[in-house]
Amino acid sequence: MTLTLTRPATAPGTAPAVPRRSPSADPWHWAVTGACLLAVLAAATSLNGVVEPWTWLAPVVGTLVPVLVAMAATRALRLGSIITALVGVLALIGSLTAQFFPRQSILGVVPGPGTSLELQRLLAQAEETVVSQVAPVLPSAGIFLIVCAALGLIAIVVDLFSTTLRMPAASGLALITVMISPAVVKPTGVGMFAFITTVLAFLLLLAVAQWRGNRLASGGARASSGFAGRSAMIGAAALAVAVVLPMFVPGFTSGAFPQGARLNLWGNATGLNPAVTLGNDLRNPTGFGRIAYSTNADTPVYLRAVTLEDFSGRRWEPDERRGEREAGVEEIGTETGAPAAGAGTEQVFTRITTQSYASPWLLSPYAPVGVSNLAGSWAWDPANLSILATDGGSTARQEYLVETRSAALTREGLGAIGPSDSESVPAIFSELPDDTPEIVRTRTDEITGEYVNPYDKAMAIQNYLRGPEFTYSVEAPVEGGYDGSGMDVMARFLDSKSGYCVHYAGTMAVMARAAGIPSRVAVGYTPGSPTGDTEEGPDGTELNEFVVDSRNAHAWPELYFEGIGWVQFEPTPSRGVVPTYAQRAFSPVGPRADDSDALNPGSLPRVGAEAEASAEPSDAAAGGPGAGPQNEASPGAGAAALGGIALLALVPLLLRTARTRSRRRTVAVADVSAVDGAATAAWAETTEIAGDYGHPLDETDTPRTFAARLTREADLAGEPAESLARLRNAYEHEEYAERIPAADGAIPPGRRFGAGGTGGSARLARPSAPRWDDVDTVTRALRRGSPWSTRVKARLFPQSLLNGFRSGSRRG
């Protein structure tokens with residue numbers, strides 16, 4: 001009896017046709033939608049540091065899940081792409097309504113009466129948070145509303161591109177938009193964790209979308225492989241570029257992308273954030289927000305915008321006190337607790353050109369008595385002489401003239417002043433919150449406990465902070481997690497002894513209050529750098545020009561002295577100019593706490609102490625405007641960078657090795673039990689190894705033509721050739737035999753090739769299970785016949801990661 005097996009007529013070297021599934025019958029879109037959810041959540045991790053870490057997670061998940069599930073369900077019902085997008089938008093509105101407008105809603109998800117008013121309130125709350133708080137901002141309904149709405153829209157776009165339009169790569173642009181805000185706001189940029197997480201999630205989205213596309217193209221049959229490896233290869237290359245490129249690009253200070261220099265989308269148009277977000281400005285390697293001013297002052301002047309006096313809460317913010325402000329700034333009255341300007345005061349004129357600096361708080365030297373040529377509506381605060389726009393205006397593109405008057409201060413005069421009356425200034429300038437850390441009080445007692453006069457206490461605190469134990473650093477607070485303001489921040493600064501002006505000024509102000517001296521923190525700019533130009537001022541006076549920018553952003557303490565008013569100190573080392581009355585050489589002017597004649601502040605003679613020969617280094621002496629300690633590359637950092645590059649170079653090798661091990665396990669299992677796919681795994685490994693060594697599988701190759709060509713090109717003979725023939729034979733039977741249809745009289749599936757059918761001696765013997773030893777034999781032969789350069793390339797940069805084996809196709 002002769003048994004003849006026939007197969008459908010197909011083009012030479014091609015696999016039998018597989019029925020295609022209708023594109024509308026697509027259950028795999030759910031997987032793509034799930035990958036979209038993960039990708040958006042991964043990109044949202046960059047918001048940690050913009051808002052309090054992970055506080056956004058619950059409301060964001062509560063927004064994204066209903067939106068994406070609704071879109072996937074609509075897609076499953078085959079209602080069309082336009083309906084799917086519309087349902088996504090409606091689901092977003094419903095989820096936002098349920099979370100943020102439950103009292104104004106109808107049935108919990110439909111916006112009802114009062115929703116628009118509540119929306120305006122929440123948006124105003126969010127705007128106030130952005131303007132007045134330092135990142136990370138505290139959780140609030142307004143901020144979460146904006147975050148959830150933005151991420152919801154981005155999720156809709158990502159899902160439409162990845163699932164409906166089948167353009168998953170384009171969805172990466174939407175994911176980038178999530179990271180724009182962190183890149184602008186956070187001092188370290190997006191952050192390496194968020195960057196890598198987003199990249200991995202995006203690669204997963206690409207892989208799942210490709211898998212779905214292959215399933216649709218093959219009608220639900222086994223999908224093509226290789227796209228996961230290609231995605232990993234692309235990701236590894238992108239990560240390598242992201243790490244290496246910043247080393248050769250000017251403008252990056254330290255660290256690898258996405259750290260280093262922060263992104264500045266807004267160009268130079270910016271203003272000083274009064275919430276003391278000065279660290280971001282100081283860490284920017286290029287100054288922005290240029291301001292020019294000309295003054296006839298004999299000493300450099302600080303430009304002051306606002307003061308912070310409420311030290312309660314997790315963030316220190318300025319109090320606008322709009323109800324207490326006086327309208328009009330042409331004539332400014334006397335500050336609360338300060339004497340009226342009279343004889344002995346110095347009159348100074350300062351003309352300020354703001355250019356691109358935009359802020360609702362007006363810059364002015366202290367203490368202003370009048371401002372002229374100022375556009376807009378402005379009002380001044382009697383409590384601190386800050387000037388605020390009341391009509392929504394700003395300082396942008398303004399040129400105005402400020403007249404100030406200040407008394408000439410001396411060490412002797414300040415040292416003769418006793419403690420101030422508690423009624424002289426509002427209580428807000430003296431209060432310490434109940435949660436003031438103990439280290440603040442104890443450290444203050446250690447430093448000032450032996451002194452009585454406010455001036456001696458103030459100088460003791462300033463000299464302590466300017467001492468050798470403390471170092472100036474704009475990076476240490478970020479690395480230590482105490483960047484910003486607040487009592488906890490000041491306590492951690494006292495413990496770590498490293499920070500920048502916000503920490504020095506805030507700590508001195510807090511310690512001054514603990515020592516019984518009213519205080520506040522002023523925010524503005526140090527004197528900057530002279531340009532050498534002059535211009536004519538009022539009454540023919542000569543005004544010398546200076547320029548400042550964001551690198552001069554600064555904070556300093558002002559302490560109150562009875563009968564004098566508010567006096568500036570400078571505790572921050574290597575920043576600004578220390579006033580002559582507060583220079584470092586110090587011996588107590590007044591008595592110590594244990595002196596018997598403590599009631600007479602001037603009873604003890606001064607020890608011969610002379611002022612320092614020169615003031616503390618100015619901005620220019622310290623290396624330019626706003627210059628702080630310069631970061632220098634260390635050998636350890638270079639070694640770490642080289643190690644990172646080496647690890648990235650090994651990524652293709654590791655991925656290729658993992659794929660080989662997976663296939664080896666599949667073949668090993670087939671040795672003890674019948675497992676489908678073992679022969680395919682062995683053949684796939686063989687063809688990919690051949691491609692790595694310069695013998696790629698062509699699109700037109702069948703298993704037989706490829707084996708014949710490889711044997712010829714690689715000069716395989718003997719055992720390697722026999723191993724290759726066994727691998728090819730096993731793959732042909734596994735891949736093609738099961739596709740032969742059972743015609744009349746043919747052996748039914750599962751009974752052919754030695755399955756015990758009724759063919760008698762005519763049964764075809766099924767090849768033995770594939771052996772991995774055959775794969776190793778072919779691999780060794782290819783390696784021996786290749787030059788060393790090809791061997792290195794095959795190991796470290798295997799082409800098979802980009803052009804992997806595809807089963808079920810004419811490629812064999």
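Guide: A helix here is a DSSP run of H or I with at least four residues, and helices are numbered from the N terminus. The model discussed below is predicted.

Visitor: In which helix is A76 found?
Guide: The residues 57-76 form one helix of this predicted model. A76 is found within that stretch, so by the numbering from the N terminus its helix is α2.

Visitor: Is A76 buried, partly exposed or exposed?
Guide: The relative accessible area of A76 is 38%. Buried requires under 20% and exposed requires over 50%. A76 meets neither condition, and therefore A76 counts as partly exposed.

Visitor: Which residues does A76 touch, not counting those up to four places away in sequence?
Guide: The chain brings A76 and D26, 50 residues apart in sequence, to a C-alpha separation of 7.5 Å. With residues up to four places away left out, the residues that A76 touches are H29 and W30.

Visitor: Where is R321, and is it buried or exposed?
Guide: R321 lies in the loop between β4 (303-308) and β5 (326-327). Its phi is positive, about 45°, although R321 is not a glycine. Most residues other than glycine have a negative phi. The relative accessible area of R321 is 13%, and because this is under 20%, the residue is buried.

Visitor: Is R397 buried or exposed?
Guide: R397 is placed in the loop between β9 (387-389) and β10 (399-407), and its phi is also positive, near 55°. Its relative accessibility is 66%. Because this value is over 50%, R397 is exposed.

Visitor: What is the omega of the peptide bond from Y366 to A367?
Guide: A367 is found in the loop between β6 (345-353) and β7 (368-372). Most peptide bonds are trans. The bond from Y366 to A367 is cis, with omega near -5°.

Visitor: Which strands stand at the edges of the open sheet of four strands?
Guide: The order of this sheet is β4-β13-β16-β17, with antiparallel pairing. Each edge strand has a single partner strand, so one side of it is left without a neighbour in the sheet. The edge strands are β4 and β17.

Visitor: Which residue in β16 is the bridge partner of V523?
Guide: Strands β13 (residues 519-525) and β16 (residues 553-561) run antiparallel and are joined by seven bridges. In β16, the partner of V523 is A555.

Visitor: What angle does the direction of helix α16 make with that of β16?
Guide: Helix α16 (residues 501-514) packs on the sheet and touches β13 and β16. Its direction and that of β16 make an angle of about 15°.

Terms used. Residues are numbered from 1 along each chain as its sequence is written. This is a predicted model: local features need pLDDT of at least 70, side-chain atom pairs count only at pLDDT 80 or more; totals for chains, interfaces and linings use all residues. Side-chain values use heavy atoms; hydrogens and water are left out. Helices (H or I, at least four residues) and strands (E, at least two) are DSSP runs, numbered from the N terminus. Buried means under 20% relative accessible area, exposed over 50%, partly exposed in between (1.4 Å probe, protein chains only). Contact means heavy atoms within 4.5 Å. Two strands pair if DSSP finds at least two bridges between them. Axes are lines fitted to C-alpha atoms, for helices over the stretch in contact, and angles run from 0 to 180 degrees between N-to-C directions.
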